[in-house]
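Here is a note on how the helices and strands of this chain are arranged. Please read it with the model open.

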Amino acid sequence: MKVMKFGGTSVGTPQRMKEVAQLVTKSGEPVFVVLSAMSGTTNSLVEISDYLYKKNPDGANEVINMLERKYERHVQELYTSEETQAQTRDFLREEFSYLRSFTKELFTSFEEKSIVAQGEIISTNMFVNYMKEQGTKAVLLNALDFMRTDKNAEPDPVYIKEKLAAAMQGHSQEQGEEPVQVFVTQGFICRNAYGEIDNLQRGGSDYTASLVGAALNAEEIQIWTDIDGMHNNDPRVVEKTQPVHQLQFEEAAELAYFGAKILHPTCVQPAKYAGIPVRLLNTMQPDAEGTTISNQTEYGKIKAVAAKDNITAIKIKSSRMLLATGFLRKVFEIFESYQTPIDMVCTSEVGVSMSIDNSAHLGEIMDELKKYGTVTVDTGMCIICVVGDLDWSNIGFETRVMDAMKDVPVRMISYGGSNYNISFLIREEDKRRALQSLSDHLFK
């Protein structure tokens, strides 16, 4: 069985939802579909929550009414039979009554998560109703019945596998009945270890698809968006970029972390550990090859370049560091105490330089670091990441990359921490020039 995930833009209008239904049934084989909320819906639900936090029920009701009118139009455009229209209207009436019930009660983060979850619940119910109207045997499985995180807010794979199997078994084919063609569930949403409605946060619906694929030992996990896979450079900056047709999981994670927004770096980990390939496909060009991510490595090949903006570089220089044990531990503990991840690290005998992408606690971090040495900060920086088979035994690969960067001032270089990545820290104003030069030297 294949798992197919469709994002918010892919189901953003009734017409798009119809196109997704055609993609789902095209092969004629049973599939498992994971859907996001229709585009714009989650933003509206967050806005409703914001009004309720501010104790403004009138503002919340106004957004609820506007969203309800939008879905009323969707019902008219999506369905042809009066019976399905009436059934869906009844469901939506209950949904919006549920949303209005929050305007009369105490509002906390628990209620907010319940509100935000309704976007996926609405989209999946509407989609399954459409599939049934078209004569497809489709079954809706509520993600809240099997998708759960543990006390560390990490997915619980044993629980997910067990409960998902039980949910699907409940719809197994009876003798003489048609088999289920399409299973559908909500992406993003789950329950936490205490049974409360929560969400997967990182990677959202992509994470759900990866977890479901691993639980089912799926043949393949397909992530459908409006982009034809990962490109070998940033198409917003560099002209004539090309899709990368094959990536190793580590390569994809590096690209995602350093700027390729099509995929969250952690969401494909369950698929990686289960050895299930992930394909990135385009709903606007369904016949395009897209990008396949697997555990297979294409040896001796540089694949792509990505960039990450809004980076801050911090250097701490201290003569006391020379041969001092525990110095780096003290430095890193400061960043840990302010929950600030570090991107790049370079060390010397008397100093250490680091880069961060979250400067919310920069002032406090600098104050703490000054206890151990002289601190300097560079803002407005950018990390350029080159990804591919960059094992140190591939003689000359790093030279090709360095040659492309010869006219760009480089603040830091990171090489050797991964077999798949060379990273450069440069000024944001040099980003366009660096990306173009790397494309010219590596891909043309």
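Notes on helix and sheet packing

1. Helix α12 (residues 397-404) and helix α13 (residues 431-442) have axes that come within 8 Å and cross at roughly 135°. Axes here are lines fitted to C-alpha atoms, for helices over the stretch in contact, and angles run from 0 to 180 degrees between N-to-C directions. Helices (H or I, at least four residues) and strands (E, at least two) are DSSP runs, numbered from the N terminus. α12 and α13 are therefore oblique to each other; angles under 35 degrees count as roughly parallel, over 145 as roughly antiparallel, 65 to 115 as roughly perpendicular and the rest as oblique.

2. This is a predicted model, in which local features need pLDDT of at least 70 and side-chain atom pairs count only at pLDDT 80 or more, while totals for chains, interfaces and linings use all residues. Residues are numbered from 1 along each chain as its sequence is written, and side-chain values use heavy atoms, with hydrogens and water left out.

3. The crossing of α12 and α13 is right-handed. A crossing is left-handed if the near helix is turned anticlockwise from the far one by less than a right angle, and right-handed if clockwise. Which residues meet here? From α12 they are Arg-400, Val-401, Asp-403 and Ala-404, and from α13 Ser-437, Leu-438, His-441 and Leu-442; contact means heavy atoms within 4.5 Å. By class, the residues of this contact are four nonpolar, two polar and two charged. Ala, Val, Leu, Ile, Met, Phe, Trp, Tyr, Cys and Pro count as nonpolar, Asp, Glu, Lys and Arg as charged, and the others, Gly among them, as polar.

4. α13 follows β16 (residues 421-427) in the numbering, and that strand pairs with β14 in the antiparallel sense over seven bridges. Two strands pair if DSSP finds at least two bridges between them. Ile-384 has Phe-424 in β16 as its bridge partner, and Cys-385 stands opposite Ser-423 in β16. β14 (residues 374-388) also runs antiparallel to β11 (residues 302-317), joined to it by 12 bridges. In that pairing, Ile-314 is matched with Val-377 of β14.

5. These strands belong to an open sheet of six, with antiparallel pairing and the order β12-β13-β11-β14-β16-β15. Its edge strands, β12 (345-347) and β15 (412-415), each pair on one side only. On average, neighbouring strands of this sheet are turned by 25° against each other, direction ignored.

6. There is also an open sheet of eight strands with mixed pairing, in the order β3-β4-β2-β1-β7-β9-β10-β8. Here the edges are β3 (138-140) and β8 (246-248), each of which pairs on one side only. The average turn between neighbouring strands is 20°, direction ignored. Within this sheet, β1 (residues 2-6) and β7 (residues 220-225) run parallel and are joined by five bridges. Lys-5 has Ile-223 in β7 as its bridge partner.

7. Which strands does α1 lie across? They are β1, β2 (31-35), β4 (182-186) and β7, and α1 runs at about 170° to β1. α5 packs on the sheet as well, touching β2, β3 and β4, and its direction makes about 165° with that of β4.

8. The axes of α1 (residues 14-25) and α5 (residues 109-133) come within 11 Å and cross at roughly 65°. Their crossing is right-handed. α1 contributes Met-17, Lys-18, Val-20, Ala-21, Val-24 and Thr-25 to the contact, and α5 contributes Ser-123, Met-126, Phe-127, Tyr-130 and Met-131. These residues divide into eight nonpolar, two polar and one charged.

9. Helix α6 (residues 157-169) packs against helix α7 (residues 204-216) at an angle of about 75°, with the axes 9 Å apart. α6 and α7 are therefore roughly perpendicular to each other. Ile-160, Lys-161, Leu-164 and Met-168 of α6 meet Leu-211, Val-212, Ala-215 and Leu-216 of α7. The contact of α6 with α7 has seven nonpolar, no polar and one charged residues.

10. Overall, the chain has 13 helices and 16 strands. Its C-alpha atoms fill a box of roughly 75 × 50 × 40 Å, taken along the principal axes. With 444 residues, a compact globule would have a radius of gyration near 22 Å, and the 25 Å of the chain agrees. That radius is taken over C-alpha atoms, and the globule rule is 2.2 Å times the number of residues to the power 0.38.
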